[in-house]
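Open the model in your viewer and keep the selection panel at hand. The stops below go from a ligand site to three helix pairs.

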Amino acid sequence: MNTNLNVLSLAEWNIPSNDRMIIAGPCSAESEEQVMSTAIALKDANVDALRAGIWKPRTRPNSFEGVGTPGLKWLKTAGEEVGLPVAVEVANPRQIEEALAHNIDILWIGARTTPNPFAVQEIAEALKGVDVQVMVKNPINADLQLWIGAMERLNMAGIKKIVAIHRGFSTYKEELYRNQPLWRIPIELKRMVPGIPIVCDPSHICGKRELIHQVAQKALDLLFDGLMIEVHINPDEALSDAKQQLRPDAFIELMDNLKFRSATTNSLDVMAQLKSLRDEIDRFDEQLIEILAKRMENARKISVHKMKNNIAIFQPGRWDEVVKSRIEKGTKNSLSEEFILQLFQYIHEESIRQQEQVLND
Ligand code: PEP
Ligand code: MN
């Protein structure tokens with residue numbers, strides 16, 4: 001489905017430092033002193049905006065649910081002290097009204113709100129006629145349409161400064177990451193909505209601070225438009241998300257170590273070499289498609305043979321053998337097991353679909 005999002009590119013925003021937008025600050029505002037000391041520690045860290053959650057959407061009740069309205073003043077005052085715009089999460093019209101009354105510069109919609117069209121519509125209506133920047137986190141479930149839908153609702157209400165935030169997707173079981181990055185979803189968002197700025201939130205993807213560098217670097221290498229990172233003056237004592245927050249000095253070190261590579265270069269030589277390597281890739285892809293087509297043709301022949309002999313399309317034993325042998329061959333050729341498994345699952349699904357078509361004809 002086409003999208004008609006009409007949003008400003010980051011170049012049209014007022015991003016002072018560079019073309020990437022860096023947002024940092026605590027998961028939650030906890031006290032006036034904590035917000036101010038974190039802001040001051042970030043003063044010379046080249047960040048573009050200061051974040052803090054004021055109303056916290058916690059998974060279970062009876063945990064810290066944010067300091068509420070008083071925190072807006074702490075955050076705005078801290079932002080003014082260090083000369084930075086400030087960002088908070090809002091989930092309903094009342095919170096929007098309070099945030100705007102405190103001149104909060106940037107609002108964001110959290111990952112538990114984005115998937116609810118009623119809530120997003122109410123937010124959009126509350127923002128009609130307001131010139132404010134709104135960041136939309138991906139929904140906790142891996143549904144790109146819901147993510148785009150939320151941004152469309154805001155856009156239809158006249159909001160043009162929209163940023164998508166990729167914060168990963170919930171899973172039944174927490175594995176390496178707290179939330180699975182599923183990079184193909186933000187990549188597909190960029191393809192479907194060209195020009196939409198996407199900021200990565202490695203803090204909520206990782207869930208632990210040790211992993212943040214690697215995920216942040218990956219986002220930059222995928223040409224994301226910025227990063228939102230949780231920074232707390234004393235993370236171990238944080239009232240929410242303690243394990244994933246960085247101390248300000250660790251954040252500054254992270255920023256120094258990250259490589260901000262650009263999309264292209266002015267060197268004709270470098271671009272020419274890149275082009276010839278890409279031409280080779282194009283030829284390989286062509287061969288891949290031709291081989292896949294031959295493989296499918298063969299599957300259709302097999303289907304006719306099975307049909308004549310009244311044999312079912314799918315045989316678990318054969319499929320098991322295919323998976324095992326392809327993984328063995330793949331791993332010997334430096335291709336990961338996960339990649340080969342997923343690739344052959346796709347190929348197999350298409351093969352079954354084509355065989356069914358033969359049967360139905
Ligand atoms: C947050 O940014 O602190 C937050 C609650 O994030 P999310 O909505 O991504 O869980
Ligand atoms: Mn958090």
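Select arginine 167 together with ligand 1: in this predicted model, an N or O atom of the arginine 167 side chain is 2.6 Å from an oxygen atom of the ligand. Add arginine 112, where a polar side-chain atom lies 2.9 Å from an oxygen atom of ligand 1. Then add glutamate 230, whose side chain has an N or O atom 3.2 Å from an oxygen atom of ligand 1.

Now show everything around the ligand. The residues around ligand 1 are Cys27, Arg51, Lys56, Glu89, Trp108, Gly110, Ala111, Arg112, Lys137, Arg167, His204 and Glu230.

Next, the first helix pair. Select residues 117-126, which form helix H4, and residues 144-156, which form helix H5. Their axes come within 8 Å and cross at roughly 25°. Angles under 35 degrees count as roughly parallel, so H4 and H5 are roughly parallel to each other. H4 passes H5 in a right-handed crossing. To see the contact, show side chains for Pro117, Val120, Gln121, Ile123 and Ala124 on H4, and for Leu146, Ala150, Arg153 and Leu154 on H5. By class, the residues of this contact of H4 with H5 are seven nonpolar, one polar and one charged.

Move on to helix H11, residues 316-332, and helix H12, residues 337-360. At what angle do H11 and H12 pack? The angle is about 140°, and the axes are 9 Å apart. H11 and H12 are therefore oblique to each other. This crossing of H11 and H12 is right-handed. On the H11 side, pick Trp319, Val322, Val323, Arg326, Ile327, Gly330 and Thr331; on the H12 side, pick Glu337, Ile340, Leu341, Phe344, Gln345 and His348. The contact of H11 with H12 divides into seven nonpolar, four polar and two charged residues.

Keep H12 on screen and add helix H10, residues 268-308. The axes of H10 and H12 come within 9 Å and cross at roughly 45°. H10 and H12 are therefore oblique to each other, and their crossing is right-handed. From H10, the contact takes in Leu292, Arg295, Met296, Ala299, Arg300, Ser303, Val304, Lys306 and Met307. From H12, the contributors are Phe344, Ile347, Glu350, Ser351, Gln354, Gln355, Val358 and Leu359. The contact of H10 with H12 has nine nonpolar, four polar and four charged residues.

For a last view, centre on Phe344 of H12. Phe344 takes part in the contact with H11 and also in the contact with H10.

Technical notes:
Residues numbered from 1 in each chain as written. Chains lettered and ligands numbered in written order. Predicted model: local features only at pLDDT ≥ 70, side-chain atom pairs only at ≥ 80, totals over all residues. Heavy atoms only, no water. Axes fitted to C-alpha atoms, helices over the stretch in contact; angles between N-to-C directions. Helix = DSSP H or I, 4+ residues; strand = E, 2+ residues; numbered from the N terminus. Parallel < 35°, antiparallel > 145°, perpendicular 65-115°, else oblique. Left-handed = near helix turned anticlockwise from the far one by under 90°. Contact = heavy atoms within 4.5 Å. Nonpolar A, V, L, I, M, F, W, Y, C, P; charged D, E, K, R; others polar. Near = heavy atom within 4 Å. Polar contact = N/O pair within 3.5 Å; in protein donor to acceptor, adjacent residues only side chain to side chain.
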